[in-house]
Amino acid sequence: MSNPLLASWTGPYGLPPFAEVRAEHFAPAFEAAMRAHLAEIDAIGASSEPPTFTNTVAAFDRSGRLLERVGALFHNLTSSETSPALQAVEREMAPLLAGHDSKVYTHAALFARIDALHARRGELGLDGEQRRVLERFHLDFVRAGAKLAPPEQARYAAVMQRLAELTTRFGQNVLADESQFLLVLESEADLAGLPPFVRDAAREAARERGRAGAAVITLSRSHIVPFLTFSERRDLREKAWRAWTSRGEHAGASDNRPIAAEILQLRLEQASLHGYPSYADFALSDTMARSQAAVTSLLEQVWRPALARAEDERTALSALALSRGESGVVEPWDWRFYAEKVRQVRFDLDEAAIKPYFPLERMVAAAFDCAARLFGVSFVPRPDIPAYHPDVVVYEVRNAAGAIGLFLHDNFARPSKRSGAWMSAYRLQSRNGIDDAAPVLPIIVNNNNFAKGAPGAPTLLSFDDARTLFHEFGHGLHGLLSNVTYERVSGTSVLRDFVELPSQLFEHWLEEPAVLKRHARHHETGAPIPDELIERLHRARHFNQGYETVRYAASAFVDMAIHARTSSEPVDVVAFERAELERLGLPAAVGVNHRLVHFQHLFSGSGYAAGYYVYLWAEVLDADGFDAFVEAGNPFDAEVARRLARFIYSSGNSIEPGEAYRAFRGRAAGPEPMLRQRGLSEPVPS
Ligand SMILES: [Zn+2]
């Protein structure tokens, strides 16, 4: 009878009772929670009192908490510990939840009150955050169709429901193709070139899949990238690359081609219902960039110099291939392999020699230490608090005044987890709880997909893996340090071309020699990383940046182009992508690994649709922002850190982002530090 999702959660920090939750609990809990939410907003809308900020805006901000609680648990489980039963619920619930959103954001009585307050927002005596919350809510309603006529509203709701179904399907299909493919390495010859850490990870992956004794490469990034980097077997590299880049492109149940095409058609319809010529125009109208022209101009600043640099890199790779008696033609499945060889020769850097200094546990400690020195927070392990999987480590986060939140660290790849790395939340920080007296503390999760070391052996990270760990932890801090009153503007609920600033900025501390010296220690001897290895890492930092920038920018251009379409004819996404890459002049040797058929940023939800550029946009800010510490002569300068905490990591969306950045930096950001960071500001060596 009793549904643990609807009972009060009395565990520490109000964490969900993970052990009691079953897939079949979700549908009835969602139904009850949606009903409760509608009753709450009916009551706000039906009030006989004239609308005030408190009785309407603050009350709306506080509504729907039961639904949020159930939804947060559900979305976290379906991302990192899913099952066929949960996936079935996900498909069933996606359109119902979208339908619920439409009901909320087209609620006529509630919107009339918000609209009336918005019209008089200058006269209400609101503080800065309150005014921002009112403006954001008003825009949420407008962008969800609140001002449309009823027939258009009905069509809009149907479009949103269908989009929810399709984006859910898209993500599930990618996971299906990923878990279906295994490259089984049968013999010593199949393992040629693979250093011990890749072999160990491949054996561990085999063991987890019930093939103890064998070695397998999966399509998880932490398997496939090292395999492409080290395997001497060109035929197997090609096989792995083709499998990796054709996810979502197989005829049959997991085919994402028709799904992406329908998503694009519906997004265009969504935009045109709002009066925009394309989805890109609609999406960009609520960003810092604001227009396609601003995005294109930013991408073009890196495109030409990066192409020139990539051509220079390709020439070096080709020369190396020739010196090995190979053809000299560089294919996309060769690039990482030859690049690693060139890197070893040019910088005397061997990935396999770096990894022993980057054990996962020490890198986690490094991230925590940087947070402590910058923001005065500590992370205290709470092994007594159970999470949803034994690999998840739970920490209480404290500052000088006491506990400020809970942090769940989920670092390993497994078949039930989607690929990539991300931050999410079980609960957002606010001081607008249902029980007014108590502040609501955030519960934040970081998910990574590191290949787990063999039993008893440490998990060793590459420098890139360590960067990913710091990146996600930067997002985590954005959620944990949030210090606002209203949930609507809490933590990472910012404009999407601002959201990568706290994460990318945090990566800079990993590169600090003092941080490496303190934390990058050999997993066997405990010896700190040698100075000259740090030197070599730094000298090699621009190596292969042409390749990286070209691949990234090409994906961002394709994203923008396909969402800028104004024709409602169904599009062949594979042909469109091919034509666009040809128009751009993407070098064949580079290739793209974010093909549209599995580009989850674009099609597993709408968060990054017409928004893949946001990483580069935020990079302009993070490169310029970190310079504030460089100028102060200390990567932990207390005064700069104080402003960083106040205006970037804890202000959420309570301040307009451009204004928040200027308050931190004293001025706006320019692109030069970003170009320098990518090594694209100097002339290309001939
Ligand atoms: Zn990120």
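**Questions about loops, a helix and hidden spaces**

User: Where is the place of D348?
Analyst: D348 is found in the loop between helix 14 and helix 15. Helices here are DSSP runs (H or I, at least four residues), numbered from the N terminus. This is a predicted model in which local features need pLDDT of at least 70, side-chain atom pairs count only at pLDDT 80 or more, and totals for chains, interfaces and linings use all residues. Residues are numbered from 1 along each chain as its sequence is written, and side-chain values use heavy atoms, leaving out hydrogens and water.

User: Why does D348 count as exposed?
Analyst: Exposed means over 50% relative accessible area, buried under 20%, and partly exposed in between (1.4 Å probe, protein chains only). D348 comes out at 52%, so it counts as exposed. D348 also has a positive phi of about 55 degrees, although it is not a glycine.

User: Why is N544 called buried?
Analyst: The relative accessible area of N544 is 11%, and the cut-off for buried is under 20%, so N544 counts as buried. N544 belongs to the loop between helix 20 and helix 21. Its phi is positive too, near 70 degrees, in a residue other than glycine.

User: What makes S650 buried?
Analyst: Its relative accessible area is 14%, so S650 meets the limit of under 20%. S650 lies in the loop between helix 25 (638–649) and helix 26 (657–665).

User: Which residues does S650 touch?
Analyst: Leaving aside residues up to four places away in sequence, S650 touches L481, S482, N483, V484 and A645. Contact means heavy atoms within 4.5 Å. With A645 there is also a short distance to look at: a polar atom of the S650 side chain lies 2.5 Å from the backbone oxygen of A645.

User: How do you know that the buried residues of helix 20 line one face?
Analyst: Start with the list: in helix 20 (residues 531–539), the buried residues are L533, I534, R536 and L537. Looking down the helix axis, these buried residues fall within an arc of 160 degrees, so they line one face of helix 20. The arc is taken from the directions that run from the helix axis to the C-beta atoms. On the other side of helix 20, D531 and R539 are exposed. The buried residues pack against helix 14 (332–347), helix 15 (351–354), helix 17 (463–480) and helix 19 (513–519).

User: What makes a space a cavity, and how many cavities of 30 Å³ or more does the structure hold?
Analyst: On a 1 Å grid over the protein atoms alone, a cavity is a set of points where a 1.4 Å probe fits but cannot get out, and lining residues have an atom within 4 Å of a point. A volume is the space filled by probe spheres set on the points, which are joined across faces, edges and corners. The structure holds 2 cavities of 30 Å³ or more. The largest has a volume of about 60 Å³, with L264, Y279 and H563 among its lining residues. Helix 11 gives the largest share of that lining, 3 residues.

User: What is the space in the second largest cavity, and which residues line it?
Analyst: The second largest cavity holds about 40 Å³ of space. Its lining consists of S555, V558, E577, L581, V592, H594, L596 and F599. Helix 21 and helix 22 (573–584) each supply at least two of these residues.

How values were computed:
1 Å grid on protein atoms, 1.4 Å probe; cavity = no way out; pocket = protein on both sides within 12 Å on 5 of 7 lines; lining within 4 Å. Helix = DSSP H or I, 4+ residues; strand = E, 2+ residues; numbered from the N terminus. Polar contact = N/O pair within 3.5 Å; in protein donor to acceptor, adjacent residues only side chain to side chain.
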